[in-house]
Amino acid sequence: MSRPLSLLFAPFGSEGDVRPVLWLAGGLAARGHRITFIITPYYRRLVESRGWAALDIGTVEEFSRGLRDPRLWQPRAGSELVIELMIASLPRYAAVLDHTAGNFDLVVGTTLGTGAFTWAEQRRLPRLLLHLQPMCLRSAGDCPVFLEGLDWLRRAPDWVKRGLFGLSDFLLARKLLASVNAYRATRGLRPLREIYPELWNGADGVAALFPDWYGPAQPDWPRPVRQFGFPREPAQDNPPPLPAELENFLTAGEPPILWTHGSANLDTEKFAAVARAATSALGARGLLVGPAFTDAKSDGNFLAIAHAPFERVFSRCRAVVHHGGIGTSVQALAAGVPQLVVPRAHDQPDNAARLARLGVGARLRYGNFSAAAAMEKLRGLLADPATAAACAQFQQKIHEARPLPALCDWAETLAG
């Protein structure tokens, strides 16, 4: 463009929701545009490490309290909690942004970035909404698996699906729209009448950040939606060394099976116990990654560690057992390794179903998650040549895709 733009990014959610926004911000920063984030200070380091400005929304303790809430990983209650947190955050965005000196040309956010988008709407600023997974774009033609056990809905007649969509909107609308509209009234904005087309998809531009082979475009998606590929930051030319305990473990023996249940999940006691037992029963080596494991401990064949850069570690593993978060799923696809997905809530059941349909992995219900069940699934995946072929096929597709330039072009166009 002929002038540098001032861009505000407002990711809402866990690290898996933040990193795709960092990817887009990086592409636009490389074009000379000015980058500002409004983000929980829990993830401020991810922004400031790139040299960008960060405005705090909430506190570390508030974000950590949400992570510790036992409802977060329950199938229905988890989604209700996230919506509660979104509603509570609405006035906080305006409290911060009303006092900034920035005159932004575009506001970019993820699905639940309602607070930042409402502020932008009042200021008549263009808005770009990023949907990171097909779950956010429901369709009668490609119906998501909203909860474990609802796979049958994909086979139901379209009128049944649309009826359930309408019922869901009606049940949510009374409480959710009442809260959102009460806040909108304080900002002088008209009330919203519908959840799906207006609240979740009411931006000037809506980007689906997944390829058509993962979630094909549908005629009943809301407008305006444009589809791009998965967001993946390019490999660093000279990446920093891995933590010594991690590098030493990876080079000390055969590639391990990596186990992780999400960057924001502190409820991992059962998952960790199954990981250890199943790895041992398989006679394999295991790597357990999660925020609860702050003290790296290894017994030679099993290492538990708080964090690992998946984009560099997955390719050095035999398989990945994970929760089905979209970020982890994409990194495993890019690494070309088999996946065993143990979903619990949110978009995880739908991602698990899609990965299984691609042939790159298998699903295991959390209620059935045991060492024996995990061992059986992994043994089958690791011995199956069809799984290996599918992993190689979709790994190539991901590495061939170049979605960032087109998305940056569109963001610039929306910004004017």
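**Notebook: strand 6 and a helix pair**

I looked up strand 6 and found that Gly205, Ala207 and Leu209 point one way from it, while Val206 and Ala208 point the other way, and all are buried (under 20% relative accessible area, exposed being over 50% and partly exposed in between, with a 1.4 Å probe and protein chains only). The model is predicted, so I note that local features need pLDDT of at least 70 and side-chain atom pairs count only at pLDDT 80 or more, whereas totals for chains, interfaces and linings use all residues. Residues are numbered from 1 along each chain as its sequence is written, and side-chain values use heavy atoms, with hydrogens and water left out.

I recorded that five of the five residues of strand 6 (residues 205–209) are buried, so the strand is largely enclosed by the rest of the structure.

I then checked its neighbours. Strand 5 (residues 127–131) runs parallel to strand 6 and is joined to it by four bridges; pairing requires at least two DSSP bridges. Leu128 has Gly205 of strand 6 as its bridge partner. Strand 7 (residues 225–228) also pairs with strand 6 in the parallel sense, over four bridges, and there Gln227 stands opposite Ala208.

Next I examined helix 4 (residues 77–97) and helix 7 (residues 158–186), which pack at about 5° with axes 11 Å apart. They are therefore roughly parallel to each other (angles under 35 degrees). For the contact (heavy atoms within 4.5 Å), I listed Ile83, Met86, Ile87, Leu90, Pro91 and Ala94 of helix 4 and Leu176, Ser179, Val180 and Tyr183 of helix 7.

Conventions. Axes fitted to C-alpha atoms, helices over the stretch in contact; angles between N-to-C directions. Helix = DSSP H or I, 4+ residues; strand = E, 2+ residues; numbered from the N terminus. Parallel < 35°, antiparallel > 145°, perpendicular 65-115°, else oblique.
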